[in-house]
Structures are given as structure tokens and as C-alpha cells.
Number of protein chains: 2
Amino acid sequence: MPKSVYTNSQKGPSAAEIADWIRNQIRCRRFVPGQRLVEFDVTRRTGGSRFKVREALQRLQAEGLVDIEEFRGASVRNASMDEVRQLYRARAALEGLCAADFTRKASREQRAKLLKIAEAMENSVDKGAPESFGSLNAQWHGLIMDGSGNPVIQGVVQRLNTPIHHLLFETFYRAERLRSAAADHKTILEAIMDNDPAAAETAMRQHVEAGLKFLSRLDSDVHFEDQIG
Amino acid sequence: MPKSVYTNSQKGPSAAEIADWIRNQIRCRRFVPGQRLVEFDVTRRTGGSRFKVREALQRLQAEGLVDIEEFRGASVRNASMDEVRQLYRARAALEGLCAADFTRKASREQRAKLLKIAEAMENSVDKGAPESFGSLNAQWHGLIMDGSGNPVIQGVVQRLNTPIHHLLFETFYRAERLRSAAADHKTILEAIMDNDPAAAETAMRQHVEAGLKFLSRLDSDVHFEDQIG
DNA sequence: AACAACAATATTGTTGACAATCCTGTAGCG
DNA sequence: CGCTACAGGATTGTCAACAATATTGTTGTT
């Protein structure tokens with residue numbers, strides 16, 4: 001009976017596995033920005049040695065997910081609203097490019113799957129199910145990057161997304177946003193099916209930037225609440 | 001009299017400084033793709049401890065500059081032509097965005113400086129000086145990213161550029177490419193001075209992709225030579 | 001009670017030694 | 001001559017102990 005979730009339970013988790021674990025905790029908001037990541041703590045919870053934990057934390061620092069100060073250790077980095085804005089703009093440019101390339105290069109199967117996911121998302125909109133919509137949305141964007149045949153960009157976007165992972169879901173709790181996103185997807189899908197890369201690109205860019213706009217509105221609301229509370 | 005080039009000569013270089021040193025060696029082609037980076041070697045040449053060297057190598061791995069295999073250590077990663085193509089496409093999208101933002105946000109001084117650099121580059125073209133053209137070219141692109149007010153994208157592009165740094169210079173040894181690049185710059189500059197972000201963006205994208213086309217041609221030439229030799 | 005100086009604890013940084021693995025050169029064999 | 005098996009050295013992976021620093025708790029003074 002294995003003690004941990006990791007494959008090599010004998011030798012303990014590797015640095016990469018520990019990094020994945022921390023990354024996940026951050027993405028699921030179990031580790032929140034500003035929270036300190038004490039080495040000993042991570043050691044106990046993952047079963048890895050301290051050495052490997054340090055290794056993992058350094059990787060995460062290189063990814064920009066974690067801040068390491070001398071003699072103060074690692075803490076989850078806090079992305080400012082301005083940084084979020086920049087991340088979104090970068091995403092918009094890169095995913096736009098992927099949409100264009102998907103239109104050019106994707107296989108028949110990938111197009112079919114894209115259509116299938118889109119239909120499932122429409123379903124989620126009707127039922128008002130933000131979680132399933134968010135999950136399908138992630139699949140949708142992932143599939144487009146996958147089908148664009150550009151793993152380099154895919155990797156960059158994934159890294160850019162990690163610190164704002166939860167934000168990608170947050171906006172979906174407003175029905176207005178759900179409808180708007182679904183409409184955007186429809187536009188993008190049509191451009192792809194029409195084999196119009198340029199249209200797909202601009203539509204995707206607008207879609208991502210629309211997400212940013214919703215987020216900015218949410219953010220200013222939160223600040224308003226902060227002032228009252 | 002300091003022993004090394006690093007600021008804290010007493011405590012030895014930090015991991016970040018070692019990473020910078022290695023990155024530089026790679027950029028200057030003193031470390032070539034495939035070359036193994038033996039820890040002890042780096043230790044001696046930088047004066048850092050083995051621990052810090054390992055730290056630095058892991059960072060470089062996260063950046064995608066270095067490959068680390070278990071029990072075989074680090075080696076300089078070799079970017080395939082396909083990967084280079086992807087890097088260029090990502091650059092095109094991101095630098096295009098920066099050109100648009102530069103047009104919107106850059107200060108009067110930054111515009112003036114851009115013009116000044118462009119004039120100096122024209123000079124290099126006339127004199128047929130590839131090295132100075134390459135250096136000015138790097139300044140030119142850097143200035144545009146700087147003036148776009150988007151450090152996140154700037155960081156991403158810098159990381160994308162590192163493994164292909166030398167390629168950015170290689171094409172300039174053909175006079176044809178020099179003239180073509182200078183013409184592109186002129187187009188971009190005009191769009192910026194006309195306050196036309198969209199035009200600046202498309203011009204910049206075309207410029208970067210033109211660089212890729214030249215490179216592809218060079219690459220196939222090299223392959224041809226390989227077959228003969 | 002508020003505050004400063006100091007001691008105790010917790011946490012991180014660094015080093016060195018040892019184990020595990022790979023690479024290389026050599027000898028033996030067909 | 002070509003090939004495999006095997007040692008020896010080289011290189012990396014891992015760990016535990018120690019040093020340096022930050023954080024917390026305590027005490028004494030005003």
C-alpha cells in the first residue's frame with residue numbers, strides 16, 4: 001500500500017513532482033499570495049527531502065511563481081493588477097497566433113473535437129454551470145494551442161497562466177460573462193471552420209482581451225468592498 | 001584588487017550571477033549546443049560553490065537553455081530549426097504588440113532616440129558594417145520593448161531570444177539582409193511617428209518573420225554544404 | 001501598559017562527505 | 001581485427017550536520 005500519490009514511493013518524490021505539487025496548491029488557492037512556504041513544512045507534506053524541496057522552490061522562482069528572499073525563504077508571489085494586465089495582453093497575442101495556426105494546420109479530428117467542446121459549453125451556459133464551463137474552457141483553449149503545432153508558444157502561455165489560473169475561472173461566476181465568452185467562441189469557431197486564419201486571430205485576441213476587461217471590472221469592485229469593510 | 005568580476009568578491013558569486021555568466025557564454029558561442037557543462041568546471045571558472053552552480057544550472061533548465069539528464073548533468077540545449085521557427089513566430093507576435101504599445105505610450109524622448117538609432121543603422125548599412133548594425137539592431141528592438149511599458153512581455157521575449165541570440169546577428173552578414181531590415185525599420189518608424197499602432201504592429205510582425213525567412217534560407221544552404229562536405 | 005534590549009527558537013544558507021551512476025580505457029576472447 | 005566484459009576514474013545525486021540569519025518570546029525599565 002503506497003504512502004503517497006507519487007509513483008516511486010520508495011525513493012520519495014522527485015524535485016519536479018514536488019514543484020508540481022506546490023504549483024497545484026497555488027493554482028487551487030490552497031497556497032495564497034504572500035503565504036510563506038517553509039521548507040520543513042513542504043518536506044513533511046510531500047515526503048521529499050529538504051534538498052529536493054529547495055530545488056523545487058528554486059524552479060518555481062525561475063518560473064516567477066514564487067519569491068525567494070535571502071534568509072527569509074520562499075513565499076507565493078503576488079501578481080499586481082498591472083502585471084495581470086500585461087500577462088493577459090501577452091496571452092492575447094500568443095493565443096491569437098495559435099488560433100490562426102490552428103486554422104491552418106489542425107486535423108479534421110481536432111476541428112471536430114473543438115466543435116464538440118463548444119457544444120458542451122453552450123450546454124453549461126444554459127444550465128448556468130460555471131465550474132464545468134471553466135473546465136471546458138480550459139480544454140478548449142488547450143486544444144487550440146495543441147492543434148496549432150507550436151509547443152513553444154504553448155509552454156510560454158502555460159507559464160504565463162499559472163499565476164492567474166484562478167482568475168481565469170473567477171469571471172465565469174457571472175452569467176453575463178458566460179454568455180459573452182460563449183458568443184466569442186462561436187465567432188472564433190466560425191472563422192476556423194471558414195478557414196480564415198486572420199479572422200480567427202483577431203477574434204481570439206478580442207476574446208482574451210474581453211476576459212481582461214471583465215476582470216478589471218471585478219477587481220475595481222473588490223477594491224470598493226475593501227474600502228467599506 | 002578584486003579576484004573576480006563579481007561585486008561580492010568575498011562570498012563568491014550568487015547563483016543568479018553564475019547563471020548570467022553561463023548565459024553569456026552561451027550567447028557568445030563560447031559554449032555551443034551539445035556541449036556538456038560539468039559542475040566542477042563551472043565551479044572553478046566562476047569561483048562559486050558546487051551548490052550554487054547546481055542552482056544556476058537548474059534555473060537555466062527552467063529557462064529552456066540547458067538540458068539536464070539524470071547522472072549525466074547539464075548540456076547546452078540545441079534548438080532545432082523547427083523550434084527556431086516557433087520562437088520567431090512567438091517573437092513576431094509579441095514584438096508586434098510591443099510596437100503597437102510603443103506607438104501609444106512611448107515618450108517624446110524615446111521616439112527621438114529611436115529615430116537616432118535608426119539613422120545610425122542607415123549609416124552601418126552604407127558602410128557595410130554588420131557588427132555595428134547588429135548591435136544597433138538589438139538596441140532598437142530593446143528600446144521599443146522598453147517603451148511599450150510591458151516588462152512581462154519584455155522578459156518573455158528576452159528568454160525566447162537567448163537560445164537564438166547568435167542567429168539574430170548571423171543574417172546580417174549578407175548585405176541584402178541589411179538593406180531589407182533597414183527598409184523594414186523605416187516602415188515601422190513611419191507608422192510609429194504617424195501614431196498608427198495597427199500599422200506599426202503589422203510592420204513589426206512582417207519584419208521579424210522576414211528575419212525568419214532569411215534564416216531558413218541560410219539554414220538550407222548550410223544543409224546543402226553539409227551534403228557536399 | 002508601552003517599549004527596548006536581550007535570549008531562545010525557528011528557519012534558511014553552506015559545506016563536505018558519501019553513494020549511485022556513467023564514461024573510458026584495457027584486457028581477454030572469438 | 002572486432003567485439004564484449006570488466007575495472008577504474010570521473011561525474012552527478014543525496015544527505016546530514018553545521019553556520020548564519022531572522023523571528024519570536026521574555027524580561028526589565030520607565
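Reader: What makes residues of chain B count as being in contact with chain A, and how many are there?
Author: The cut-off is C-beta atoms, placed from the backbone, lying within 7 Å. In this predicted model, 17 residues of chain B are in contact with 17 residues of chain A. On the chain B side, helix H3 (50-63), helix H4 (81-105) and helix H7 (151-161) each give two or more residues. The largest share, 8 residues, comes from H4(B).

Reader: And what is that side of chain B made of, by class?
Author: There are 9 nonpolar, 3 polar and 5 charged residues on the side that touches chain A.

Reader: How do you know how the two copies are related?
Author: Lay chain B on chain A: a turn of 180° and a shift of 0.3 Å along the axis do it, with an RMSD of 0.2 Å. The two chains are therefore related as by a two-fold rotation axis. The same surface serves both copies, too, since 100% of the contact residues of chain B recur in chain A.

Reader: Why are S1 and S2 of chain B called edge strands?
Author: Strand S1 (36-37) and strand S2 (66-69) each pair on one side only, and that makes them the edges. They belong to an open sheet of 3 strands in chain B, with the order S1-S3-S2 and antiparallel pairing.

Reader: What makes S2(B) and S3(B) a pair?
Author: Pairing takes at least two bridges found by DSSP. S2(B) and strand S3 (residues 73-76) have 4 bridges, in the antiparallel sense, so they count as a pair. One of the matches is Glu69(B), whose bridge partner in S3(B) is Gly73(B).

Reader: Which helix lies across that sheet, and at what angle to S2(B)?
Author: That's H3(B), which lies across S1, S2 and S3 of chain B and runs at about 115° to S2(B).

Reader: What makes a residue count as near DNA strand C, and which ones surround that strand?
Author: The test is a C-beta atom, placed from the backbone, within 6 Å of the strand. Both chains supply residues around DNA strand C: among them are Val38(A), Glu39(A) and Phe40(A), along with Ser49(B), Phe51(B) and Arg72(B). That surface divides into 6 nonpolar, 2 polar and 3 charged residues.

Reader: How many residues surround DNA strand D, and which are the closest?
Author: 13 residues surround DNA strand D, and the closest are Ser49(A), Phe71(A), Val38(B), Glu39(B) and Gly73(B). Helix H3 (50-63) of chain A and helix H2 (39-46) of chain B each give two or more residues to that surface. By class, the surface near DNA strand D has 6 nonpolar, 3 polar and 4 charged residues.

Note on methods:
Residues are numbered from 1 along each chain as its sequence is written. Chains are lettered from A and ligands numbered from 1 in the order in which they are written. This is a predicted model: local features need pLDDT of at least 70, side-chain atom pairs count only at pLDDT 80 or more; totals for chains, interfaces and linings use all residues. Two residues are in contact if their C-beta atoms, placed from the backbone, lie within 7 Å. Ala, Val, Leu, Ile, Met, Phe, Trp, Tyr, Cys and Pro count as nonpolar, Asp, Glu, Lys and Arg as charged, and the others, Gly among them, as polar. Axes are lines fitted to C-alpha atoms, for helices over the stretch in contact, and angles run from 0 to 180 degrees between N-to-C directions. Copies are superposed by least squares on the C-alpha atoms of residues with pLDDT of at least 70 in both.
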